[in-house]
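This report describes part of a structural model, with attention to its nonpolar interior and to one strand with the loop that follows. The sequence and the structure are shown first.

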Amino acid sequence: MDLLVLYVEDEPVTQSTIAAMLERQIRSVLRAGDGREGLEAFKARRPELVITDIRMPVMGGLDMAREIKAIAPRTHVIVTTAHNDMEFFLEAIDIGIDQYVLKPIDRDRLFAAIKKSQEVLSLERTIRFKDAEQKKMIKELQDAFQNIKTLQGLIPICASCKKIRDDKGYWNQIEAYISEHSSAEFSHGICPDCARRIYPEYTKE
């Protein structure tokens with residue numbers, strides 16, 4: 001699985017056994033022996049998923065999870081516990097624990113929980129990516145609209161030569177005025193009427 005996982009367990013044999021099992025299936029696994037050590041590892045590496053025991057010295061798993069969720073609410077936390085009392089469940093709900101696996105840990109149940117977290121994390125990454133792309137597109141459109149120049153209002157134009165008077169009173173060629181006040185560009189040619197008037201010798205036929 002393409003995940004960075006933090007596994008926190010104070011019992012050495014259990015930590016070694018479960019961590020080895022995780023390392024065979026997961027890209028990268030960090031280990032910690034208590035909540036304080038786990039919190040420091042989390043701050044340093046920011047794993048996407050935390051698997052932790054509850055009762056540990058120095059700092060328990062739920063206290064660690066509470067601080068982790070305060071730092072990065074989207075982090076998924078799976079707790080492993082031999083306790084199923086109501087107080088634990090209420091506190092876990094309050095903290096925002098995502099899943100739990102009872103001890104002794106069953107491999108299939110643990111990996112089913114990890115797989116579920118991986119699917120949710122993958123979906124959240126996709127949503128964040130699409131949201132970022134949408135915001136980028138909206139900004140590009142806003143920038144494009146800001147760069148668009150439009151002509152509006154009353155434009156004073158000479159009835160004879162078709163020059164346009166600007167705000168300072170100067171008379172400009174129509175193409176110069178439009179180029180300055182819009183995003184239009186000009187490609188000069190000659191219409192049939194003007195061609196007959198200017199070059200009659202070439203247009204008689």
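In this predicted model, the largest nonpolar core holds 23 residues, and the members that touch the most others are Leu6, Val50, Leu62, Met64, Val79 and Ile97. Two or more residues of this core come from each of β1, β2, α2 (35-45), α3 (61-71), β4 (76-81) and α4 (86-95). The largest share, four residues, is given by α3. A second core, separate from this one, has 19 residues, among them Val5, Tyr7, Val101 and Leu121.

Leu6 illustrates the packing around the strand. Residues up to four places away in sequence aside, Leu6 is in contact with Leu30, Arg31, Ala32, Gly38, Ala41, Phe42, Pro47, Leu49, Val50 and Ile51.

The strand β1 covers residues 4-8. Because five of its five residues are buried, β1 is largely enclosed by the rest of the structure. Leu4, Leu6 and Val8 lie on one side of β1, Val5 and Tyr7 lie on the other, and these residues are all buried, which leaves both faces covered.

The strand pairings of β1 are set out below.

| Partner strand | Sense | Bridges | Bridge partner of Tyr7 |
|---|---|---|---|
| β2 (residues 28-32) | parallel | five bridges | Arg31 |
| β3 (residues 49-53) | parallel | four bridges | Ile51 |

Tyr7 thus has a bridge partner in β2, namely Arg31, and another in β3, namely Ile51. The connection from β1 through α1 to β2 forms a right-handed β-α-β unit.

The loop between β1 (4-8) and α1 (12-23) contains Glu9. Is this acidic residue buried or exposed? The relative accessibility of Glu9 is 1%; the limit for a buried residue is under 20%, and Glu9 therefore counts as buried. Its side chain reaches the backbone nitrogen of Glu11 at 2.9 Å. When residues up to four places away in sequence are not counted, Glu9 touches Thr14, Gln15, Ala32, Gly33, Asp53, Met56, Thr80 and Lys103.

Taken together, β1 is a buried strand that pairs in the parallel sense with β2 and with β3. Leu6 of this strand belongs to the largest nonpolar core, whereas Val5 and Tyr7 belong to the second one. In the loop between β1 and α1, Glu9 is likewise buried.

Definitions and conventions
Residues are numbered from 1 along each chain as its sequence is written. This is a predicted model: local features need pLDDT of at least 70, side-chain atom pairs count only at pLDDT 80 or more; totals for chains, interfaces and linings use all residues. Side-chain values use heavy atoms; hydrogens and water are left out. Buried means under 20% relative accessible area, exposed over 50%, partly exposed in between (1.4 Å probe, protein chains only). A polar contact is a pair of N or O atoms within 3.5 Å; within protein, one must be able to donate a hydrogen and the other to accept it, and residues adjacent in sequence count only if both atoms are side-chain atoms. Contact means heavy atoms within 4.5 Å. Two strands pair if DSSP finds at least two bridges between them. A crossover is right-handed if, with the strands pointing away from the viewer, the path from the first strand over the helix to the second runs clockwise. A nonpolar core is a set of buried Ala, Val, Leu, Ile, Met, Phe, Trp, Tyr and Cys residues joined through side-chain atoms within 4.5 Å.
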